[in-house]
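Here are my notes on the two ligand sites and the empty spaces in this model. Please read them with the structure open.

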Amino acid sequence: MRRCQVAIIGAGPSGLLLGALLHKAGIDAIILERQSRDYVLARIRAGVLEQGTVGLLQQAGVGARLQREGLVHEGFALTYNGQSLRIDIADLTDGKTVTVYGQTEVTRDLMTHRDTIGATAIYEAKEVSLEGFDGGSPRVFYSKDGLRHEIACDFIAGCDGFHGVSRASVPDEALSIFERVYPFGWLGVLADVPPCSHELIYAGHERGFALCSMRSLTRSRYYIQCSLDDRVENWSDQAFWDELRRRLDPEAAEAIVTGPSIEKSIAPLRSFVAEPLRFGRMFLVGDAAHIVPPTGAKGLNLAASDVHYLSEALIEFYGERSSAGIDDYSRRALARIWKAERFSWSLTGLLHQFDLMTPFERRMQEAEFVYLQGSRNARASLAENYVGLPF
Ligand code: RFL
Ligand code: PHB
């Protein structure tokens, strides 16, 4: 049997970032990941980092490449049925910005850092199960290469995403679940073509939402709203580019450079919160506890703020023998989570087409866009949320 102070389940951004921050504070953690390294790195997900997330990565000692290669953005465009409105986030938030740097790269940097510091991460750990977190001696079991292993620890950090084992190990009656499943998904395409604009474009259109994002000056990431029963196989590259162009303002549509897709996938959209985030000596962190629709670019950033609160709490526990931080983790994290849930839900509602939308609801979307056009206060509120509320 092995022993460590904190057993971290999941080597996504939450688990790896928590591991890096704890290591820096001299707290010994083991990370268990169900998938292989390559599988984790092949998932194409988030692209926009808040300043707070960038700061945490720097604090963890993994900010060097991000600093060199990340693209700092001072604004983005919102378009509605072909009319474009720039949200000047730097001007509206006293100079705050966001950084475009792919989640894949964040994960790669964190994995490399973990190798460099010689900290343990066990990939392809199968049949992970958690026991004893209600009492004083939690245990984690897993299988690897046909053998069953056991880890004894002080705490378990459930960083294992929406489909992980951590939340599933909590009895149903101990959890409150709040959920909204949206009646559409996003079809995403990654392509080695220059972006159509130097800033992101969020486009509301009567044919459905579209988003123009990027990973670098030579790699673009585009999304279009699609129906839930759609399949990637239904979309040739040509059909995707044609549909994307139809939903953009004329200038952006004209500037689209097409090329073969290097990844194409459909993601369903969901809002989800599980409360509370602490069960004795086990904590839920990141997507294991909450999901937001990607419209506000908040998922990865929320995972990072959970990690910030939990790492502070554990550092306080080991450094000062005080449990005040861990006792307050759930409350502190949830306060920020609900604000990001609200923002992501509201931006999703503004920009997507819903089946059975009434003419009144369409006018409400239009009226909100017109309000944003005419009111600096409305734009400032949007910008304040987009750059990320303070931790
Ligand atoms: P992850 O990344 O899902 O990692 C969880 C890890 O746990 C492993 N695991 C297990 N390991 C051991 N035993 C088990 N039983 C296990 N079960 C699962 C999994 O293999 C995995 O490696 O959760 P984490 O770390 O909390 O990170 C959350 C983020 O990944 C997520 O919130 C973002 O990707 C969401 N998101 C976005 N967030 C942003 O902040 N900005 C964005 O621009 C943004 N765009 C997006 C997104 C998510 C998207 N999709 C596909 C859902 C765009 C999309 C399309
Ligand atoms: C992305 O680049 O993948 C991306 C950017 C902004 C979002 C969602 C996804 O709101």
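1. A word on classes comes first. Ala, Val, Leu, Ile, Met, Phe, Trp, Tyr, Cys and Pro count as nonpolar; Asp, Glu, Lys and Arg count as charged; the others, Gly among them, count as polar. On that basis, the shell around ligand 2 holds 8 nonpolar, 3 polar and 3 charged residues. Keep in mind that this is a predicted model.

2. Ligand 2 has 14 residues around it. The closest are Tyr202, Ser213, Arg215, Tyr223 and Pro294. Two tyrosines reach its oxygen atoms through polar side-chain atoms. For Tyr223 the distance is 2.6 Å. For Tyr202 it is 2.8 Å. A polar backbone atom of Ala297 also lies 3.4 Å from an oxygen atom of ligand 2.

3. How much of ligand 2 does the protein cover? On its own, ligand 2 has 280 Å² of accessible area, and the protein covers 97% of that. β14 (210-216) and β15 (219-226) are the elements that give two or more residues to the shell. β14 gives the largest share, 3 residues.

4. Why does ligand 2 lie between domain 1 and domain 2? Both domains give residues to the shell around ligand 2, so ligand 2 lies between them. Domain 1 is made of 2-71, 100-178 and 270-348. Domain 2 is made of 183-269 and 356-387.

5. Ligand 1 is surrounded by 32 residues. Ser14, Glu33, Gln103, Asp287 and Leu300 are the closest. A side-chain N or O atom of Ser14 is 2.6 Å from an oxygen atom of ligand 1. A polar side-chain atom of Glu33 also lies 2.6 Å from an oxygen atom of ligand 1. Ala297 appears here too: a polar backbone atom of Ala297 is 3.2 Å from an oxygen atom of ligand 1.

6. The protein covers 89% of the 1000 Å² of accessible area that ligand 1 has on its own. By class, the shell around ligand 1 has 14 nonpolar, 11 polar and 7 charged residues. α1 (13-24) and α10 (299-320) each supply at least two of the shell residues. α10 gives the most, with 3 residues.

7. Now the empty spaces. The structure holds 3 cavities of 30 Å³ or more. The largest has a volume of about 70 Å³. Among its lining residues are Ser14 and Leu300, both of which are also among the closest residues to ligand 1. α1, α3 (51-59), α6 (103-117) and α10 each give two or more residues to this lining. α10 gives the most, with 4 residues.

8. What classes of residue line the largest cavity? The lining has 10 nonpolar residues, 2 polar and no charged. The lining of the second largest cavity has 4 nonpolar, 2 polar and 4 charged residues. This second cavity holds about 60 Å³ of space. Its lining includes Glu50, Lys298, Arg336 and Lys339. α11 gives the most to this lining, with 4 residues.

9. One pocket deserves a look. The second largest pocket has a volume of about 290 Å³. Its lining includes Arg180, Trp345, Phe354 and Glu368. β12 (176-191), α11 (324-351) and α12 (359-374) are the elements that give two or more residues to this lining. By class, 6 lining residues are nonpolar, 3 are polar and 3 are charged.

Definitions and conventions
Residues numbered from 1 in each chain as written. Chains lettered and ligands numbered in written order. Predicted model: local features only at pLDDT ≥ 70, side-chain atom pairs only at ≥ 80, totals over all residues. Heavy atoms only, no water. Near = heavy atom within 4 Å. Polar contact = N/O pair within 3.5 Å; in protein donor to acceptor, adjacent residues only side chain to side chain. Areas by Shrake-Rupley, 256 points an atom, 1.4 Å probe, with all protein chains shown as cover. Domains from an automatic or database assignment. 1 Å grid on protein atoms, 1.4 Å probe; cavity = no way out; pocket = protein on both sides within 12 Å on 5 of 7 lines; lining within 4 Å. Points joined across faces, edges and corners; volume = space filled by probe spheres on them.
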